[in-house]
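Me: Please take one part of this model and go through it closely, at the level of individual side chains. Afterwards, set that part against the rest of the chain.

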Amino acid sequence: MKSNVVRIIYISLGWLFVVIGAIGVVLPILPTTPFMILALALFAKSSERFHQMLLNNRWVGESLREWEEKKTVSRKTKKRATILVFVSFSVSIAILHERIELQLFLITLATILLFCIWRLKEE
């Protein structure tokens, strides 16, 4: 009984992180990859079907497989993430053209995010 409850909790949390990760695709301050990695780990412990679904996903599957097998991120993925961060933060900064404190906050956040992305090990 207890293992069934834990399994359901893991699956529920896994789907929550998939949803948060999907939202992160369009929100610049919410990173997608860490949430997908969390979902992958939870599914690995609770549902082989959902685990394989993420690994075989055409958008995130390749990166997740690489992470699961080698704990690395490809340079191509880092470049795509950098472009996405740059574009999404630039739009947000442009929208907030009269709020210098928020612009500075976003610039700081983008810098920290890019620093973290580029510190990840490459193959």
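Reply: A polar contact here is a pair of N or O atoms within 3.5 Å; within protein, one atom must be able to donate a hydrogen and the other to accept it, and residues adjacent in sequence count only if both atoms are side-chain atoms. The model is predicted, so local features need pLDDT of at least 70 and side-chain atom pairs count only at pLDDT 80 or more, while totals for chains, interfaces and linings use all residues. Residues are numbered from 1 along each chain as its sequence is written, and side-chain values use heavy atoms, with hydrogens and water left out.

The part chosen is the loop between α4 (61–70) and α5 (75–95), where T72 has its place. Helices and strands are DSSP runs numbered from the N terminus: H or I with at least four residues for a helix, E with at least two for a strand. Accessibility is sorted with a 1.4 Å probe, protein chains only: buried is under 20% relative accessible area, exposed is over 50%, and partly exposed is in between.

T72 counts as buried because its relative accessibility is 7%. Its side chain is joined to that of E66 by a polar contact of 3.2 Å. For contacts in general, the criterion is heavy atoms within 4.5 Å. With neighbours within four places in sequence left aside, T72 is in contact with E66, W67, K121, E122 and E123.

K71 has its place in the same loop between α4 and α5. Its relative accessible area of 46% is why K71 counts as partly exposed. The phi of K71 is near 60°, which is positive although the residue is not glycine. Most residues other than glycine have a negative phi.

On the helix α5 side, two residues can be added. T77 is found in α5 and counts as buried because its relative accessibility is 18%. The side chain of T77 makes a polar contact of 2.9 Å with the side chain of S74. K76 lies in α5 as well, but K76 counts as exposed, because its relative accessibility is 53%. From K76 to E122 the C-alpha separation is 9.9 Å, for a distance of 46 residues along the chain. E122 is also one of the residues in contact with T72.

Two distances lead from this region to other parts of the chain. S74 and N56 are 18 residues apart in sequence and 17 Å apart in space, C-alpha to C-alpha. N56 is found in the loop between α3 and α4, and it counts as exposed because its relative accessibility is 54%. V73 and L16 are 57 residues apart in sequence, with 23 Å between their C-alpha atoms. L16 is found in helix α1 (residues 2–24) and counts as partly exposed because its relative accessibility is 42%.

Helix α1 also holds R7, which is partly exposed because its relative accessible area is 39%. The side chain of R7 reaches the backbone oxygen of S46 at 2.8 Å. Not counting residues up to four places away in sequence, R7 touches S46 and S47. R7 and A22 are 15 residues apart along the chain, and their C-alpha atoms are separated by 22 Å.

In helix α3 (residues 48–55), the buried residues are F50, H51, L54 and L55. They lie on the same side of α3 because they cover an arc of only 140° around the axis; the arc is that of the directions from the helix axis to the C-beta atoms. An α-helix has 3.6 residues a turn, so residues three or four places apart point the same way.

For the chain as a whole, there are six helices and zero strands. The C-alpha atoms fill a box of roughly 55 × 30 × 20 Å along the principal axes. Of the 123 residues, 30% count as buried. Among contacts with a separation of 6 or more, 55% come from residues 24 or more positions apart.
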